[in-house]
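Me: Hi! I'd like to talk through a model with you. Could you take a look?

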Amino acid sequence: MSRARLAAPSCLVTAALLAAAGCGGGSGSGTSGTARGPVRAAADRGATDTDDLPRSLTGQELDWSPCEPTDPEQGAGSSPSPMPGGGSWECATMTAPVDYADPEGDTLGIAMIRVRSSGAKEDRIGSLLFNFGGPGGSGVATLPSFGQDYEDLNKRYDLVSFDPRGVGDSEGVQCLDDEGLDDFFAADADPRTKKERKAFTDRLQEFADGCEERHGDLLPHLTTTATARDMDLMREVLGDDELHYFGISYGTELGGVYAHLFPRRVGRAVLDAVVDPTGDSEQGALGQAKGFQSALESYLEHCAENDNCPLGTDEDEAEDRIADFLDRLRDHPLPTQDPDGRKLTQSLAWNGIAQSLYSEDFWPYLTQGLDDALDEDDPDGTVLLALGDSMNGRNPDGTYSTLQSSLTAINCADSKTRVSEKHVRDRLDDFEEASPVFGRAMAWGMLACTHWPVRGDREHPDVGAEGSEPILLIGTTGDPATPYEGTGHMKDALGDDVGVELTYDGEGHGAYNSGNTCVRETTNDYLLKGEVPDDGKTCD
């Protein structure tokens, strides 16, 4: 097989922010731990409405200045490039209460980024706030990376994003040091024996203990509800009467929670790659297992049409080859060209394959990675390792962003669900039936919050938003991470006459940036002109 290599795409680091949505527990050993006497996540009862917050918060003036290079905690460090029209990015820090029930108490800084509207002053609508998902993705690092995709929107909006509380430069959570995270993500994610299961749960214990030791006082306050309240404070501080919003992946759940809390303050809002707000964590994990299996089958069908497909031209045999390859990695990890000498383990390969299924644009890298790894004479896991690193938030210099640690902290502060090891073992067959390739790892990922030092806030998010303006919901039929069915469930949960469905009949996680002209134009007409599309419109 050919040894010519594709260069790792620069978009993979930022794509990992989108990829993380709903993938808690799917990385490495899972993401959980235990503490003695877990505390309860801060509930929203008694929280102060934004209008009643102290003037020191609502009247603060943000000190916008040119952005410095992003920190490793946010992702690969670089200064944001100007917008195609020359607009420059500015950064600032907003002060928010740690606990909205005690707004005069401790505060934390929320890192923000913006580029001012490029159009005429009289055409400006306001600020358009973005959340790119995770939970755990840095908006400060991500928005400039996709800035060119939002050039048309910038003509009438200031484009704004932020690092949510517990993420990146907003008191970002990091549960282990870089070396510890290397070991954690490389370790076995599918324990088969009693000894392996103990090692698995011991790693989860170490992860949670590290988070509690480093961030114990903050962990109860990292709920999606608190972040939604941060967004309303941003709206106030930015000078907008309504919140115009673009949420992707987990950002759709965040947007739904905001609409529930502040339905009369919702402006023009788009939720793309919609999270199902009605299911519990087990239903979500099983749905993702099915979604990734479907995405893999789409890739295999595409690959098999090419005579150079490293898996052959028979789709069933191709899936068997991937399964056999992953199974061999349990005991025989592959060498790579990693400068730290890391090898490609089964867990890292799983993540690398999953990462590449988020977009058809990544399929060539998966093909190259499999071609290299399956070479009989000189197998090499470098490309798959790079893909896995992207999923895990590992920077090229060996440091880690807060992506996966933050994801766990937010998910476990939100969700009350705590799953036992016995329950996972009882459900393994169901998960393996849903996905012979990804099912077992996703089943063990259900232990993500089992022993977390904070008890979760709720069973599932409340997104009922009676009285809200229409919210555009975009679902993709071939989305592996947020399966298409969740779009309809979100519409029902939002309430009558709130959700408007737009379907993209295609592959990938997120439709607006897929390159589909119909989706792009429909969304832009809504955000820029206020033209609400017909409910149920389909783009293909």
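Me: Of the contacts in the chain between residues at least 6 apart in sequence, what percentage join residues at least 24 apart?

Reply: That comes to 79%, with contact meaning heavy atoms within 4.5 Å. Before we go on, this is a predicted model: local features need pLDDT of at least 70, side-chain atom pairs count only at pLDDT 80 or more, and totals for chains, interfaces and linings use all residues. Residues are numbered from 1 along each chain as its sequence is written, and side-chain values use heavy atoms, with hydrogens and water left out.

Me: Thanks! How does the radius of gyration sit with a compact globule?

Reply: The two agree: the chain has 22 Å, and a compact globule with 540 residues would be near 24 Å. The radius is taken over C-alpha atoms, and the globule rule is 2.2 Å times the number of residues to the power 0.38. Along its principal axes, the C-alpha trace spans about 65 × 55 × 45 Å.

Me: And what share of the residues is buried?

Reply: 59% of the 540 residues count as buried, that is, under 20% relative accessible area with a 1.4 Å probe, protein chains only.

Me: Switching to secondary structure, how many helices and strands are there?

Reply: The chain has 18 helices and twelve strands. These are DSSP runs numbered from the N terminus: helices are H or I with at least four residues, strands are E with at least two.

Me: Why is strand E8 largely enclosed by the rest of the structure?

Reply: Because six of the seven residues of E8 (residues 266-272) are buried. The chain gets there from E7 through helix H8 (residues 250-261), in a right-handed β-α-β crossover; with the strands pointing away from the viewer, the path from the first strand over the helix to the second runs clockwise.

Me: Which strands does E8 pair with?

Reply: Strand E7 (residues 243-248) pairs with E8 in the parallel sense over five bridges, and Phe246 stands opposite Val270. Strand E10 (residues 471-478) also runs parallel to E8, joined by four bridges; there, Asp272 has Ile474 as its bridge partner. Pairing needs at least two DSSP bridges between two strands.

Me: Nice. Which residues have the most contacts inside the largest nonpolar core?

Reply: Tyr299, Phe325, Leu357, Phe438 and Trp452, in a core of 115 residues. Such a core is a set of buried Ala, Val, Leu, Ile, Met, Phe, Trp, Tyr and Cys residues joined through side-chain atoms within 4.5 Å. Helix H9 (residues 281-304) gives the largest share, nine residues.

Me: What does Tyr299 touch?

Reply: Not counting residues up to four places away in sequence, Tyr299 touches Leu311, Leu357, Trp363, Leu366, Thr367 and Leu370.

Methods:
Buried means under 20% relative accessible area, exposed over 50%, partly exposed in between (1.4 Å probe, protein chains only).
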